[in-house]
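Let's take a friendly walk through a protein model, strand by strand and then across a chain contact. Have the viewer open as you read.

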Protein chains: 2
Amino acid sequence: MNEINRLLAEKASLEDAYRDFKKKRLKLDLSRGKPDHAQLMLSMPMLDALTSEADYIAEGGIDIRNYGCLDGLIEAKRLMAEVMETSPEWVIIFCDSSLNIMYDLVSKSMTHGVMGSTPWCKLPEVKFLCPVPGYDRHFAITEYFGIKMINVPLLHDGPDMDMVEELVAHDDSIKGIWCVPKYANPTGTVYSDEVCVRFANLKPAAKDFRVYWDNAYCVHHLDMKRPCIIPDILQLTIDIGNPDLVYKFASFSKISFSGSAISALACSPANMEDVKRQMRIQTIGHNKINQLRHVRFFKNRAGVLQHMGKHAAILKPKFDLVQEILNRELAPYGIADWSDPRGGYFVSFNTLPGLATKVIAMMKEAGVVMTEAGATYPYHLDPEDRNIRIAPTYASLDELSEALKIFTVVVKLCTIDYFEKEGKAGAE
Amino acid sequence: MNEINRLLAEKASLEDAYRDFKKKRLKLDLSRGKPDHAQLMLSMPMLDALTSEADYIAEGGIDIRNYGCLDGLIEAKRLMAEVMETSPEWVIIFCDSSLNIMYDLVSKSMTHGVMGSTPWCKLPEVKFLCPVPGYDRHFAITEYFGIKMINVPLLHDGPDMDMVEELVAHDDSIKGIWCVPKYANPTGTVYSDEVCVRFANLKPAAKDFRVYWDNAYCVHHLDMKRPCIIPDILQLTIDIGNPDLVYKFASFSKISFSGSAISALACSPANMEDVKRQMRIQTIGHNKINQLRHVRFFKNRAGVLQHMGKHAAILKPKFDLVQEILNRELAPYGIADWSDPRGGYFVSFNTLPGLATKVIAMMKEAGVVMTEAGATYPYHLDPEDRNIRIAPTYASLDELSEALKIFTVVVKLCTIDYFEKEGKAGAE
């Protein structure tokens, strides 16, 4: 308890520091995983990637400026397949963002089921498994459609697979699970080979159960020399004879331009046919000019990785700074823990129980917006009110440093409050 | 009957002509409303419309290359509002195509209802009114969602409003009507002011009834000096106090690049809020780079109209050629009728009853793809099997001339067959 006493002794100076920060009337935002301006600049030449009129004719003689080509240009599929570590014939190219694909898939399943199954809207109850902490926009989709979400702990190497296997085997109202298998949002967790194999071997009671495998950060390494590698879940399911189990997603949103990129779904031929039946009604085809622009600029996997190396050079110092400040200011007290990701866009931070909401409120008072408390849990309910998602990518190093210094002061103040109350509670 | 006898006398030479055409092994396509290559070329400078880094910062300091701006850039809303003849604050900008907006709206209504109404998937039956002949992709959306479609005759000045008023007033399972109010697909019909006013005054039994006002061809005049003008239905409904009745759609798909454009929905504030509740779950925001590119290139309504004048210069000769050939080859016999549109992308052609399927099949045999028979009717059921949609825009003048010559030969042959069978039937 020496550390705690030392912390309690600092209370007055921490309160002074917090007051001083508030006086600065800062306006900082660590809430969303947005790329830095410098990252966006790297893709500027992409906008000039189509130069001659011949550039507007894609493989097969397709004029990319006219209607058609429902599932995407073949060259875009090839590029995407290389990024997704899968085969082009399993890829459908979509519009701006993979979030939209996931939304549309859940929406379609509600109204039309999955490969001929009963539409979910006709069922008394539909459930999804949600590894926690996880991505707020995933949970928002299932919440919007009234799908009941069940928390599954995210362990160091992926979701608690004992629990996942047990649940899906016996409950045919469980229709899906949200996964970010690499550099997970927000923890940075990378699923182990064993977890991936167990996923591929799932035997769900519901024939229309799908693994929503959102490989959003597939090439988003912080250290290009030590990239994390996970198996191609789709290939695993095909090898095993379980090919229709998985929808795999990826996007260029955090590679080229956020919100103006291209995205993709990879899945089995039967799933593709099921999805295309819906697509044919919804669209004549997505923006092929943007598809070919991506192809011409990035060329192939090597081109993408080279580009992501430049991203890493911008982002790594920020993630290092987070670790440096948290280690220096908080580690000695043992009052919090946090992730040290090797890729992705977030650091997951845990306070002592019951403090996250207060920390985030005090940060807001000091002019720093953090992702709201509970956002990393379904229904915004963090059962222990501990988890805080730190998004260090968009801020400059100076801003980040400033924001994190306030953060550590606030965490300390909230922790002091916690101990004081606990002390009181103990004395009653 | 002199004309008919003259036609019957031509049978042998028509059969010869048809055989000769088949020998040519043509590959022509009059099936879809696709812009001509020359039209696409007109928009090429748009791709270079963003030149400096300052061009990437939109009004309000929004970096168009990063996430955000759910409902579109304000400058894009202004441009769209001018094209849609409405107010920017009633406009939401969407992605590539307005078809996608309509699909998403129907899909959302199925799962979540309209402004708090019962989700349509929970109702025993949902119906839409379908002015016929109409747009096949509209009908495909309602068919896909199992919505029962009721044919309403499209008269010379719009749908049969007596029927529309009567039906919507007494049947609360009728939730919508598909409208293309200007240069309708395929007839070219322009709704009269009176029809528009009657639409705005509709008193549907269903509170969640909406008019799907697809103003796809709002500026797509063939003669810029004689543009057809229709009232702003949204303003009418607002003036009347019926503001939530209408969803209004438009798109740049046939102004800039087909499938790579921007599209928009205009509606009342209450409808907008309802739609945005769904959008917030589906996307972080659509492609803003493409939005600003359109704004910089087209600038304003005057810029769009100037551009559409160039489209008209390319398209008018094609539509004139259609009239010329049909008038010359078919008018003297009185065996068919067709529209002579002042804008849009189609000519609607009616054979004698029961011939459309056969005409289209014989065209296919001769190497000319036409829109399939029945496509202009819900469920692909043209009750009289008469209507054929001619799409003259994509073919060159030479191709169009060739295809239409075959077409008139085929129509004559099928008509001869019709009279011969009728004669026989009469003789039995």
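What follows looks at two sets of strands and then at the contact between chains.

This is a predicted model, in which local features need pLDDT of at least 70, side-chain atom pairs count only at pLDDT 80 or more, and totals for chains, interfaces and linings use all residues. Residues are numbered from 1 along each chain as its sequence is written, while chains are lettered from A and ligands numbered from 1 in the order in which they are written.

Start with strand β4 of chain A, residues 91–94 (strands are DSSP E runs of at least two residues and helices H or I runs of at least four, numbered from the N terminus). Both of its faces are covered: A:V91 and A:I93 on one side, and A:I92 and A:F94 on the other, are all buried (20 or more other C-beta atoms within 10 Å of the residue's own, with C-beta atoms placed from the backbone). In a regular strand the side chains alternate between the two faces of the sheet. The partner here is β11(A), residues 263–266, joined to β4(A) in the antiparallel sense over four bridges (pairing needs at least two DSSP bridges). Within that pair, A:A266 stands opposite A:V91.

Further along is an open, antiparallel sheet of three strands in chain A, ordered β12-β13-β15. Its edge strands, β12 (337–338) and β15 (387–390), each pair on one side only. Two bridges link β12(A) to β13(A), residues 347–350, and A:W338 has A:F349 as its bridge partner.

Finally, turn to the contact, which takes 37 residues from chain A and 37 residues from chain B (C-beta atoms, placed from the backbone, within 7 Å). On the side of chain A that touches chain B, α5 (98–112), α6 (136–144), α10 (269–282) and α11 (288–298) each give two or more residues, and α5(A) provides the largest share, six residues.

Terms used. Buried ≥ 20, exposed ≤ 12 C-beta atoms within 10 Å, placed from the backbone. Contact = placed C-beta atoms within 7 Å.
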